[in-house]
Amino acid sequence: MHLQRLEAAGLVVGTLEAGEDGNGVGGLVGAVGAAGFFGLLIVIVWQVAATWRARMLAAREEQYKELATRYARLLEDTVELQRRTAEEQRQTLDELTRTRLSVGSMEKMMREIE
């Protein structure tokens, strides 16, 4: 289109030369241009897909980190609960031992009173 305008103004002279097989060179240029355009589209789509995949992997990695943090907190809580339970069991055992001693002492006093 631009060449046609320049030719109409008399600034350039255009000629169409045929290749050895009789086809115009313009067909080859068009084919190369179309191949380049489709190649560019393929690269763009490929890069968009790669970017999307990288974002998805980063989001998944962030979720894994969050889960690992929550799991570590749960483990710490579990250890703390087990420690408290063990301490309470020791206290209960001590109280039971003191109670047995008291009951034994009371039984001994009751036998002496009889």
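In this predicted model, R84 comes out as partly exposed, at 43% relative accessibility. Its salt-bridge partner is E80, with the closest N and O atoms 3.6 Å apart. E80 is likewise partly exposed, at 31% relative accessibility. The two sit four residues apart in helix α2, so about one helical turn separates E80 from R84.

Moving along the helix, E87 and R90 also meet through their side chains, in a salt bridge with an N to O distance of 2.9 Å. Here the spacing is three residues within helix α2, which again means a separation of about one helical turn. Neither end of this bridge is buried: E87 counts as partly exposed at 33% relative accessibility, and R90 is partly exposed too, with a relative accessible area of 48%.

Then there is R111, which forms a salt bridge with E107; the closest N and O atoms in that pair are 3.8 Å apart, inside the 4 Å cut-off for calling a salt bridge. R111 is exposed, because its relative accessible area of 59% is over the 50% limit. E107, at 41% relative accessibility, falls in the partly exposed class. R111 and E107 are four residues apart in helix α2, so they too are separated by about one helical turn. Elsewhere, salt bridges that share partners tie E80, R83 and R84 into one network. The overall count comes to four salt bridges. As a general point, side chains of opposite charge can pair when their charged atoms come close.

Aromatic contacts make for a shorter story. A search of the whole structure turns up one aromatic pair. That pair is F37 with F38, arranged edge-to-face, with 5.7 Å from centre to centre and 65° between the planes. The edge-to-face label applies because the 65° angle is over the 60 degrees needed for it. F37 is partly exposed, with a relative accessible area of 47%.

The two phenylalanines turn up again in a nonpolar surface patch, this time along with L41. Together, F37, F38 and L41 offer about 310 Å² of accessible area. L41 belongs to helix α2, which covers residues 25-113. With a relative accessible area of 37%, L41 is partly exposed, so it clears the cut-off of over 30% that patch members have to meet. F37, at 47%, clears that cut-off as well.

Zooming out to the chain as a whole, the secondary structure consists of two helices and zero strands. Burial is easy to report: of the 114 residues, 0% count as buried, where buried means under 20% relative accessible area. The accessible surface of the chain adds up to about 11,000 Å², and 62% of that belongs to carbon and sulfur atoms. In short, this is a chain with two helices, four salt bridges and one aromatic pair, and with 0% of its residues counted as buried.

Technical notes. Residues numbered from 1 in each chain as written. Predicted model: local features only at pLDDT ≥ 70, side-chain atom pairs only at ≥ 80, totals over all residues. Heavy atoms only, no water. Buried < 20%, exposed > 50% of the residue type's maximum accessible area, 1.4 Å probe, protein only. Areas by Shrake-Rupley, 256 points an atom, 1.4 Å probe, with all protein chains shown as cover. Patch = residues over 30% accessible without salt bridge, like charges linked within 9 Å, V, L, I, M, F, W, Y side chains within 5 Å. Phe/Tyr/Trp six-rings, centres within 6.5 Å; stacked < 30°, edge-to-face > 60°.
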